[in-house]
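Work through the exercises below with the sequence and the coordinates open. Each task is followed by its solution in steps.

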Amino acid sequence: MNILIIDGQGGQLGSQLVKAISSEFKDVGITAVGTNAVATAAMIKAGAKNAATGENPIIVACRAADVIIGPIGIVIADSLLGEVTPRAAAAVGQANAVRILIPMNKCKNLVAGVSDTSTGALIDDALSKLRNILK
């Protein structure tokens with residue numbers, strides 16, 4: 001099972017996902033791709049062993065992913081303050097992978113029906129969905 005974590009800006013969500021997934025699921029491969037070097041560095045610091053930065057690594061990693069996890073902005077071109085390119089968003093959306101999108105109400109992308117939930121609760125829910133996929 002190959003899990004791709006994509007994050008941008010400061011990489012805080014991605015780093016929390018790397019820590020939580022790597023501590024609970026020992027037998028999965030995790031690839032972390034940041035939309036910028038700061039996000040990638042945060043995920044490496046959190047324990048990601050396979051990591052890269054930028055549009056092309058997102059495109060390439062999406063081809064091999066079984067599960068893609070990240071903020072909902074990874075499927076919206078020009079989101080995360082412009083860090084998600086149209087090609088990167090298309091790669092995530094067109095990937096033959098299950099996508100677990102975390103509904104972050106930020107950067108002018110508001111998700112109807114989603115209250116302002118703590119990041120910790122959102123990560124717990126993402127892990128619950130991942131557990132169901134891995135069963």
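The exercises concern helices, their packing and a few single residues in a predicted model.

**Exercise 1. The two sides of α2**

Task: Find which residues of helix α2 (residues 37–45) are buried, and state what covers them.

Solution.
- Step 1. Within α2, burial is found for Ala39, Thr40, Ala42 and Met43.
- Step 2. These residues lie on the same side of α2, because they cover an arc of only 160 degrees around the axis.
- Step 3. An α-helix has 3.6 residues a turn, so residues three or four places apart point the same way.
- Step 4. Ala37, Val38 and Lys45 are exposed, and they sit on the face of α2 turned away from its buried side.
- Step 5. The cover over the buried residues includes β1 (2–7), α1 (12–24), β2 (29–34) and β3 (50–53).

**Exercise 2. The ends of α2**

Task: Identify which residue caps the N-terminal end of α2, and describe the glycine that follows the helix.

Solution.
- Step 1. The cap is asparagine 36, with a side-chain oxygen 2.9 Å from the backbone nitrogen of valine 38.
- Step 2. After α2 comes glycine 47, and its phi is positive, near 120 degrees.

**Exercise 3. A strand residue**

Task: Decide whether threonine 31 is buried or exposed, and list its contacts beyond four places in sequence.

Solution.
- Step 1. Threonine 31 belongs to strand β2, one of the elements that cover the buried residues of α2.
- Step 2. Its relative accessible area is 19%. The cut-off for buried is under 20%, so threonine 31 is buried.
- Step 3. With neighbours within four places in sequence left aside, threonine 31 contacts Asn2, Ile3, Leu4, Ile5, Asn50 and Ala61.

**Exercise 4. Two helix pairs**

Task: Classify the packing of α1 against helix α6 (residues 119–134), then that of helix α3 (residues 55–64) against helix α5 (residues 86–94).

Solution.
- Step 1. The angle between α1 and α6 is about 45 degrees, and their axes are 11 Å apart.
- Step 2. That angle makes α1 oblique to α6, and the crossing is right-handed.
- Step 3. On the α1 side the contact is made by Leu13, Gln16, Leu17, Ala20, Ile21 and Glu24, and on the α6 side by Thr119, Ile123, Leu127, Leu130 and Arg131.
- Step 4. For α3 and α5 the angle is about 15 degrees and the axes are 9 Å apart.
- Step 5. Angles under 35 degrees count as roughly parallel, and α3 and α5 are therefore roughly parallel to each other.
- Step 6. The crossing of α3 and α5 is left-handed.
- Step 7. Here Glu55, Ile58, Ile59 and Cys62 of α3 meet Arg87, Ala88, Ala91 and Val92 of α5.

**Exercise 5. Residues 78, 79 and 80**

Task: For aspartate 78 and leucine 80, give phi; for aspartate 78, serine 79 and leucine 80, state whether each is buried or exposed.

Solution.
- Step 1. Aspartate 78 is in the loop between β4 (67–71) and α4 (79–82). Its phi is positive, about 70 degrees, although aspartate 78 is not a glycine.
- Step 2. With a relative accessible area of 53%, aspartate 78 is exposed.
- Step 3. Serine 79 is in helix α4 and is buried, at 3% relative accessibility.
- Step 4. Leaving aside neighbours within four places in sequence, serine 79 contacts Gly73, Ile74, Val84 and Asn109.
- Step 5. Leucine 80 is also in α4. This residue is not a glycine, yet its phi is positive, about 50 degrees.
- Step 6. Leucine 80 counts as buried, at 9% relative accessibility.

Conventions: Residues are numbered from 1 along each chain as its sequence is written. This is a predicted model: local features need pLDDT of at least 70, side-chain atom pairs count only at pLDDT 80 or more; totals for chains, interfaces and linings use all residues. Side-chain values use heavy atoms; hydrogens and water are left out. Buried means under 20% relative accessible area, exposed over 50%, partly exposed in between (1.4 Å probe, protein chains only). Helices (H or I, at least four residues) and strands (E, at least two) are DSSP runs, numbered from the N terminus. The arc is that of the directions from the helix axis to the C-beta atoms. Contact means heavy atoms within 4.5 Å. A polar contact is a pair of N or O atoms within 3.5 Å; within protein, one must be able to donate a hydrogen and the other to accept it, and residues adjacent in sequence count only if both atoms are side-chain atoms. Axes are lines fitted to C-alpha atoms, for helices over the stretch in contact, and angles run from 0 to 180 degrees between N-to-C directions. Angles under 35 degrees count as roughly parallel, over 145 as roughly antiparallel, 65 to 115 as roughly perpendicular and the rest as oblique. A crossing is left-handed if the near helix is turned anticlockwise from the far one by less than a right angle, and right-handed if clockwise.
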